[in-house]
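Subject: Structure for you to look at

Hello,

Here is the structure I promised to pass on. Please open it next to this email and follow along.

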Amino acid sequence: MKAIRARFKAVVIAVLLLAIILCSAVLYTMETGKTPRVQAGTAPRVPTASQVTATPVNAVVHAPSGAPISTFTVTVDNITDFVYTSNCTVGDVLNAIGFTLGEHDTVEPSLDTVLANGATIDVSTTSYNEVTETVKVPFTTEYLEDEEMYEGEEEIEQYGITGVTVNTYEVKRHERRVESKVLLGTVDESAPQTQIVRYGTMTRDDDDESPSTAEEEEENYSDEEETSEDSDATYEDKAAYTSKEESSEEVENAQPVSEYEETEDAEAVEDAEAVEDAEAVEDAEDAEETIETTITYDGTYQEYAYAQCIARGWTEEDYNALVELWNKESGWNPYAKNPYSGAYGIPQALPGDKMKAYGDDWETNGFVQIEWGLAYISSVYGSPTEAWNYFCKKGWY
């Protein structure tokens with residue numbers, strides 16, 4: 001029995017010694033670096049262009065405990081990252097962080113350079129893209145004399161129409177910032193139409209003032225009467241409208257033109273009507289200015305945007321992306337305003353007065369805002385689909 005116990009103790013001791021030897025061998029192998037290659041696991045990817053700042057952003061990742069890996073500093077377009085990996089060449093390190101070198105990008109040192117622990121890699125990106133930009137061409141105004149009109153009178157014979165020109169540029173971006181913009185070609189989609197205004201040169205005599213004033217008064221009175229007959233929306237119901245129409249005859253008898261010119265109040269009446277005439281002229285001038293800058297359309301904002309997308313050569317998919325984009329940005333509301341940034345209108349221009357180049361009434365005219373928004377998308381992203389894809393990633397465009 002004693003012999004059996006002695007042999008058992010010997011076997012146990014031998015097994016323990018063997019286990020100690022194996023553990024020592026494993027620890028030695030790990031310390032000498034003779035272990036399977038370890039790929040970068042928790043190192044973050046290089047930030048995108050929207051995160052580029054003048055001050056480098058350091059993203060430090062702690063190395064796994066006990067792993068024999070090296071630390072490398074990678075700077076892409078002034079954004080610095082620390083990468084922990086057992087890969088040795090520049091190309092291996094870039095692959096580990098998921099970065100693909102572009103055709104015009106540069107890297108130092110070269111891709112096949114074997115790196116030592118603590119080495120630094122510098123990458124600068126360069127890209128070339130073609131973008132289009134729509135430009136409004138303002139119309140000119142031509143003034144013509146009219147001998148049949150009195151001095152001070154004007155009449156628009158032909159309203160001006162703004163032209164449209166499409167410019168194509170080659171945009172070079174270095175380190176994700178625009179470095180140059182070269183004009184490749186210009187296409188005139190529509191020429192501007194000259195506005196023609198006739199102005200009077202005939203001198204008004206004193207004898208001509210009374211008849212003309214009387215005629216104007218008769219015309220104004222007639223216009224007021226027609227307006228009262230035509231505006232159904234002014235009255236709450238049919239009965240009110242009918243009673244108003246019946247009373248027009250009494251008003252006509254109470255204030256005939258031929259009578260109030262001979263009364264003591266004729267001068268006061270003429271002054272009142274002169275004020276009304278001046279206000280009418282002022283309103284007409286305001287309307288003319290609006291016509292010069294306003295874009296109008298019979299349909300909805302989305303119908304107008306669809307027509308403009310097709311005119312630019314964009315697809316149905318591009319239009320659908322535009323609808324999704326501006327649904328998120330403003331809900332297609334021309335009065336939408338971001339309370340934090342101040343972005344305004346359907347395309348959420350920042351600042352909103354950028355859209356003034358397409359119409360002085362940019363604050364209220366959704367069609368003007370759409371024109372600016374489509375031009376912006378075309379010049380920056382090339383198409384609504386690309387703008388929508390960017391928005392989905394960043395939350396803004």
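Which residue just after H9 takes a positive phi? Gly382 does, with a phi of about 95°. Keep in mind that this is a predicted model.

**Helix H9**

Let's stay with this helix. H9 covers residues 366-380. Does its length fit the helix rule? Take 1.5 Å a residue, counted over one less than the number of residues. The 15 residues of H9 should then span 21 Å, and the end C-alpha atoms are 21 Å apart, so the two agree.

The N-terminal end of H9 is capped by Asn365. A side-chain oxygen of Asn365 lies 2.9 Å from the backbone nitrogen of Phe367.

Is H9 mostly covered or mostly open? H9 is mostly covered, with twelve of its 15 residues buried. Among them are Phe367, Val368, Ile370, Trp372, Leu374 and Ile377. Polar residues are on that list too, including Gln369, Glu371 and Ser378.

H9 also meets strands. It lies across S5 and S8. Its direction is at about 155° to S5.

**The nonpolar cores**

Now look at the largest nonpolar core, which has 30 residues. Leu322, Leu325, Trp326, Trp332, Ile370, Ile377 and Tyr397 touch the most other members. Helices H7 (301-311), H8 (316-329), H9 and H10 (384-394) each supply at least two residues of this core. Which helix gives the most? H9 does, with seven residues.

Try selecting Trp332. Leaving out residues up to four places away in sequence, Trp332 touches Tyr301, Gln302, Ala305, Leu322, Val323, Trp326, Asn327, Ile346 and Ile370. There is also a second, separate core of 14 residues. Val74, Ile97, Phe99 and Ala119 are included in this second core.

**Strand S1 and its partners**

Next, go to S1, residues 70-76. S1 is mostly covered, as five of its seven residues are buried.

S1 pairs with S2 (residues 79-85) through seven bridges, and the two run antiparallel. Together S1 and S2 form a hairpin with two residues between them. In the turn, Asp77 has a positive phi of about 50°. S1 also pairs with S4 (residues 120-124), in the parallel sense, over four bridges.

Val76 shows both pairings. Its bridge partner in S2 is Ile79. Its bridge partner in S4 is Val123.

Thr73 is in S1 as well. Is Thr73 buried or exposed? The cut-off for buried is under 20% relative accessible area. Thr73 has 17%, so it counts as buried. Beyond its neighbours within four places in sequence, Thr73 is in contact with Thr80, Asp81, Phe82, Ala119, Thr120 and Ile121.

**Two open sheets**

One open sheet has three strands in the order S5-S8-S9, with antiparallel pairing. S5 (126-137) and S9 stand at the edges. Each has a single partner strand, so one side of each is left without a neighbour in the sheet. The twist averages 20° from one strand to the next. S5 and S8 (residues 163-174) are joined by twelve bridges. One of the bridged pairs is Thr132 with Thr168 in S8.

Find Lys181 in S9 (residues 177-190). Lys181 is partly exposed, with a relative accessible area of 46%. Its contacts, apart from neighbours within four places in sequence, are Glu133, Tyr169, Glu170 and Val171. How is Lys181 joined to Glu133? A polar contact of 2.9 Å joins their side chains. Tyr169 is twelve residues from Lys181 in sequence, and the C-alpha atoms of the two are 6.1 Å apart.

The other open sheet has three strands in the order S6-S10-S7, with mixed pairing. Why is one side of S6 and of S7 left without a neighbour in the sheet? S6 (141-150) and S7 (154-158) stand at the edges, each with a single partner strand, so one side of each has no neighbour there. With direction ignored, neighbouring strands in this sheet are turned by 35° against each other on average. S6 and S10 (residues 195-202) pair in the parallel sense over seven bridges. In S10, Arg198 is the bridge partner of Leu144.

Best wishes

Key
Residues are numbered from 1 along each chain as its sequence is written. This is a predicted model: local features need pLDDT of at least 70, side-chain atom pairs count only at pLDDT 80 or more; totals for chains, interfaces and linings use all residues. Side-chain values use heavy atoms; hydrogens and water are left out. Buried means under 20% relative accessible area, exposed over 50%, partly exposed in between (1.4 Å probe, protein chains only). Contact means heavy atoms within 4.5 Å. A polar contact is a pair of N or O atoms within 3.5 Å; within protein, one must be able to donate a hydrogen and the other to accept it, and residues adjacent in sequence count only if both atoms are side-chain atoms. Two strands pair if DSSP finds at least two bridges between them. A nonpolar core is a set of buried Ala, Val, Leu, Ile, Met, Phe, Trp, Tyr and Cys residues joined through side-chain atoms within 4.5 Å. Axes are lines fitted to C-alpha atoms, for helices over the stretch in contact, and angles run from 0 to 180 degrees between N-to-C directions.
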